[in-house]
Amino acid sequence: MIDKEAPSEELVKQIVNGFFKEFVDLERVRKGTSTYVYRVRAGSESYYLRICSELQASFAAEVQVHEKLIAAGVNVPKVVHFEQKNELIGLSLMIVGEIPGSDVETTNLHGERSRKQVLVDAGKQIAMINQVTVDGFGEIRPDVHARLTAKFKTFREYCYENLSRDISALAGYNFSDHERKVVRDFLETGFQFMNNEGPHLVHGDFDLSHIFHREGKYTGIIDFGDIQGSGLLYDLGHFKVHDVIGGTELLLTGYDEVRQITPQDYLIVTLWALFVGVRRLGMIYDRPKNAYHDHLTNALRAMLDELNQMV
């Protein structure tokens, strides 16, 4: 929920000028709803200023995650400035460096070899991200700074928070009573496998738009605004339900180099894809129907078909 409208351009300029010695250019990046994002060009370098839209929200946990991941060798943006609450606007803010290149979603990877290498490298790095342990499940709490701590103590609380409502909402996407029962049965049976190694850090919104490359070489992963504690393979499931280029297998290849993928893991990734698809359709149920609704509906049916073939 947004508590405050985006700060005025003049206030944002004051914040930026207070930090950078050479302010060159400021551009609002209109992506997402929970964070106001601005691209800053200072001298020969580019940075991103991110401002929370909620009064009680904080980037403290995200800053901690960036620092942990950089120390572990993961290519993520470096945090160059953080304020728990900026005195001009009363909101938390952070400034991060730029990952070079562009995202895989909006730019073409030239050739099968480049596509393979970028996604395999991204798979290795998402596996490294998932090695970080978290206390609990769900969204990372902004009020606990000593250790990454999530909203729920148990996996059951996390999985069942919205499950009944989300499955009921599938009726609005023309899923029959029988199909909705099959979805519930798969998930409720699958929950016993989906958390086989306890809560770990997940990106939470991992898809092609967050994988960056330059001239066909992997450069990093961006946007940790949806981090949470979840099962190890959640991010692979999230990617799979959003995969439009057939890249999931390549990610798994890279992931396997860091943490071995077992035959059961393929099932677990598909179960997570089903869970994420159901959750996302529930989240956007009241929004005007668009291509994303159609994509998720089709992907969800594909996950059901795949699970039926696996079991």
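User: Which residues form one aromatic cluster here?
Analyst: Keep in mind that this is a predicted model. Searching the whole structure turns up 14 aromatic pairs. The residues that make up one aromatic cluster are F137, F155, Y158, Y160, F191, Y234, W272 and F275.

User: What kind of aromatic pair do F137 and F155 make?
Analyst: An aromatic pair is described by how far apart the ring centres are and by the angle of the planes. For F137 and F155 the centres are 5.3 Å apart and the planes sit at 65°. Planes over 60 degrees apart count as edge-to-face, so the F137 and F155 pair is edge-to-face.

User: How many residues apart are F137 and F155, and where do they sit?
Analyst: F137 is in strand 7 (residues 137–140), while F155 is in helix 4 (residues 155–160). The pair links distant parts of the chain, and the two are 18 residues apart.

User: Is F137 buried or exposed?
Analyst: Its partner F155 has a relative accessible area of 10%, so F155 is buried. F137 has a relative accessible area of 4%. Buried means under 20%, so F137 is buried.

User: How far apart in sequence are the parts that Y158 and F275 tie together?
Analyst: Y158 and F275 form a tilted aromatic pair, 6.2 Å centre to centre with 45° between the planes. Both residues are buried. Y158 lies in helix 4 and F275 in helix 9 (residues 263–283), so the parts they tie together are separated in sequence by 117 residues.

User: Is helix 3 parallel or oblique to helix 8?
Analyst: The axes of helix 3 (residues 112–129) and helix 8 (residues 248–258) come within 6 Å and cross at roughly 45°. That crossing is right-handed. The angle makes helix 3, relative to helix 8, oblique.

User: How do the residues of the contact of helix 3 with helix 8 divide into nonpolar, polar and charged?
Analyst: On the helix 3 side the contact includes L119, V120 and I126, and on the helix 8 side it includes L250, L251 and Y255. Among the others are R115 and K116 in helix 3 and E257 in helix 8. The split comes to 10 nonpolar, three polar and four charged.

User: Where is N174, with its positive phi?
Analyst: Most residues other than glycine have a negative phi. N174 isn't a glycine, yet its phi is positive, about 70°. At 66% relative accessible area, N174 is exposed. Its place is the loop between helix 5 (163–169) and helix 6 (177–194).

User: What about E215: buried or exposed?
Analyst: E215 is not a glycine either, and has a positive phi of about 55°. E215 sits in the loop between strand 10 (211–214) and strand 11 (217–221). With 76% relative accessibility, E215 counts as exposed.

Note on methods. Residues are numbered from 1 along each chain as its sequence is written. This is a predicted model: local features need pLDDT of at least 70, side-chain atom pairs count only at pLDDT 80 or more; totals for chains, interfaces and linings use all residues. Side-chain values use heavy atoms; hydrogens and water are left out. Axes are lines fitted to C-alpha atoms, for helices over the stretch in contact, and angles run from 0 to 180 degrees between N-to-C directions. Helices (H or I, at least four residues) and strands (E, at least two) are DSSP runs, numbered from the N terminus. Angles under 35 degrees count as roughly parallel, over 145 as roughly antiparallel, 65 to 115 as roughly perpendicular and the rest as oblique. A crossing is left-handed if the near helix is turned anticlockwise from the far one by less than a right angle, and right-handed if clockwise. Contact means heavy atoms within 4.5 Å. Ala, Val, Leu, Ile, Met, Phe, Trp, Tyr, Cys and Pro count as nonpolar, Asp, Glu, Lys and Arg as charged, and the others, Gly among them, as polar. Rings of Phe, Tyr and Trp (its six-membered ring) pair if their centres lie within 6.5 Å; planes under 30 degrees apart count as stacked, over 60 as edge-to-face and the rest as tilted. Buried means under 20% relative accessible area, exposed over 50%, partly exposed in between (1.4 Å probe, protein chains only).
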